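Biologist: Hi! Could you walk me through the cavities in this one?
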Amino acid sequence: METLCTERTLEPGAFTDILEERRRTSDLSHALRTFSPQPYRGHSLSSAKALNQAVLDSQYMRYITQEIATENGEPVELIREEASRILEEMSHNLQLSFIRLVCYTLTKVFKRVFRRILVNEDGLNRLQQALQEHPVILMPNHRSYVDFLIISYILFTYDLSIPVIAAGIPLMGMKLIGEILRRCGAFFIRRAIGADKLYWAVLSEYVRTIVKTGYAPVEFYVEGLRSRTLKSLNPKLGMMHMVLEPFFKGEVYDISLVPISISYDRVLEESLLAHELLGVPKPKETTMGLLRARTVLQEDYGSMHVCFGAPVSVRELAKGRTDRLQYNLVPRDLPQKPSEDTQTFVSLVAHGVVCLQEKGAILSPWSLMALILLQSPEGLSLDTLTQRTVWLRGLALTFGAHLDWPAQVSEKEVMSSSMSLHRSVVRCEGGQVLLLGEQQPGGDASASPEGDVLKRAAVVLMCASYRNQALHVFVRPSLVAVAMAITPSRRKEDVFTHFKFLQELFSLEFVFVPGMAGQDFEDGCSLLVRCGALQSTDGELMVTEQWAQTGYFLRAVLQPFMQTYQVVIRHLTENSGKEFTERQYIPAVRSYTMKLILAGELDTYEALSSDTQKNVLYALLRMEAVTKAKTGDQREFKVNKAAIQRIGDILAGRISPQSAAYSRL
């Protein structure tokens with residue numbers, strides 16, 4: 001939406017290292033210091049117990065429990081007891097003493113694993129003002145388990161209100177840790193709620209009560225899950241609607257949304273995430289697992305940047321976009337299905353927040369180096385890597401990226417420092433820079449050719465995750481560059497038709513605000529004009545001398561995704577007569593991809609990523625080239641061979657998309 005995505009955003013301002021003071025002073029004194037935040041002026045509840053009671057006593061819960069009791073033919077008291085049990089399982093029990101304990105512990109851990117934790121104090125000053133005026137929703141991106149308490153740690157350090165945090169139910173099951181998290185403000189949500197009407201009612205009323213009473217800021221991850229690829233994920237809308245509902249119903253005058261961008265030089269779970277993408281089951285979240293993972297304390301993870309964006313007024317966003325009069329037709333305390341306009345507005349806001357998170361991201365030199373290295377799988381000289389990375393730094397800055405490039409340090413020192421930090425992925429020998437084959441305990445010998453491929457793929461995916469942190473900077477001009485490469489014409493109208501097709505196909509790989517394809521295309525063209533690679537005159541796109549280098553790089557950015565989609569399309573075409581479940585689909589595509597790599601027909605190890613493979617399937621489902629139907633307890637997919645082949649032909653540039661068929665964005 002225009003207010004969120006096209007308006008010039010405030011610069012993050014100067015960053016301050018909050019660990020610098022911690023290294024000079026007593027950790028215990030910091031944890032035990034006076035903590036006196038200024039609460040929201042409308043704050044009306046004093047304790048977690050009072051909050052829970054307000055939820056159970058609400059007119060909304062009385063109505064829902066009576067309705068469910070009538071539907072099920074059960075006593076209403078029984079339904080209310082079940083609602084109370086759900087709330088007891090779910091609710092937080094925020095206690096300052098546990099915040100102090102965790103603050104002390106985290107300070108010890110952070111000083112050991114991070115060189116710096118950098119925070120933009122201008123953003124915190126804006127947040128401090130917002131916290132006193134309206135209910136605040138804190139919306140960080142989610143890349144690591146460290147994300148979970150870093151916001152609370154920073155707010156405690158700056159004497160700001162501690163948030164309550166939406167967390168997945170598996171964290172609650174961790175002995176001791178689950179209870180500590182609950183007492184640090186976590187409230188736990190089941191992963192699979194389905195059609196459980198009572199659970200939905202308790203959860204929505206709990207969140208709504210926190211927001212409308214100003215009990216505490218609410219923190220949640222709009223992406224829903226931790227991103228295993230370090231790319232932004234398309235937002236989930238359930239929690240977004242819950243936090244906005246008090247505004248729709250007129251229970252609060254306004255709500256402030258605060259996008260927060262958390263950027264890492266190196267992520268603690270980098271190897272774990274890569275192996276998950278290759279099919280290794282995710283370890284169960286347990287206290288023993290956490291203790292076994294303490295070896296991370298011996299590693300260096302560089303710096304973390306936490307950028308607090310400018311608060312966004314929901315009231316301002318809603319002007320002319322959604323009609324709240326519909327909520328006046330039904331008493332506020334009764335359930336009401338949101339209108340189509342309201343659902344569209346919630347979706348636009350959620351997508352817009354993700355875009356703001358991307359704009360606030362701070363890129364490290366390694367993210368730029370990873371972009372170059374993955375385009376040179378055979379390796380390249382240190383001099384060439386340095387030269388290309390410095391060129392890419394200029395392009396990224398021209399495109400509006402924020403970089404953490406060390407000042408008063410030579411370019412080669414920056415390269416060497418970055419490679420040292422990521423020595424598990426890259427090495428430099430004899431002036432040549434190469435990605436590693438992953439080292440295994442007990443030696444380098446592989447049990448099979450497939451083992452060699454998986455080891456190499458794990459390293460490629462780890463490197464790709466850091467490249468992915470920078471993709472939002474380049475994706476729109478890259479789509480323009482690819483569209484120009486597969487379009488015979490240079491007319492903007494024809495290039496735009498291909499751009500729309502590519503954007504729809506890759507709509508699960510990258511976050512685009514629905515309905516803004518035209519603006520995205522203009523933004524991509526504008527950036528190419530700004531860097532001197534394109535000229536736009538009389539409806540024509542004309543390339544300049546700079547296009548050769550810039551266009552080649554931008555097309556190569558999307559090449560791994562292009563090749564992965566082509567591989568999956570080829571697999572589905574060859575097996576179009578078979579119906580399959582998602583559980584059958586992933587192993588089949590992985591096996592097919594492995595055979596192509598071993599036969600030398602494919603050199604894109606990223607094609608083994610299960611997340612990308614799933615994205616292809618669901619993108620084709622959205623484009624109606626695949627259908628899904630429920631058979632018994634399972635959902636099965638069926639391929640439309642002609643539609644799949646057509647998409648593959650358009651992607652390869654053999655035919656042109658029909659604007660009528662591919663213009664739904």
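Modeller: Happy to. On a 1 Å grid over the protein atoms alone, a cavity is a set of points where a 1.4 Å probe fits but cannot get out, and lining residues have an atom within 4 Å of a point. This is a predicted model, where local features need pLDDT of at least 70 and side-chain atom pairs count only at pLDDT 80 or more, while totals for chains, interfaces and linings use all residues. Residues are numbered from 1 along each chain as its sequence is written, and side-chain values use heavy atoms, with hydrogens and water left out.
Biologist: Thanks! How many cavities of 30 Å³ or more are there?
Modeller: Three. The largest has a volume of about 230 Å³, a volume being the space filled by probe spheres set on the points, which are joined across faces, edges and corners.
Biologist: Which residues lie nearest its centre?
Modeller: L230, S232, N468, Q469 and H472, out of 21 that line the largest cavity.
Biologist: And which element gives the most to that lining?
Modeller: α22, with four residues. β7, α17 and β10 each supply at least two. Helices (H or I, at least four residues) and strands (E, at least two) are DSSP runs, numbered from the N terminus.
Biologist: What about the second largest cavity, how is its lining split by class?
Modeller: Seven nonpolar, one polar and no charged residues. Ala, Val, Leu, Ile, Met, Phe, Trp, Tyr, Cys and Pro count as nonpolar, Asp, Glu, Lys and Arg as charged, and the others, Gly among them, as polar. The second largest cavity holds about 60 Å³ of space, and α7 gives the most to its lining, with four residues.

Definitions and conventions
On a 1 Å grid over the protein atoms alone, a cavity is a set of points where a 1.4 Å probe fits but cannot get out, and a pocket is an open set with protein on both sides within 12 Å along at least five of seven lines; lining residues have an atom within 4 Å of a point.
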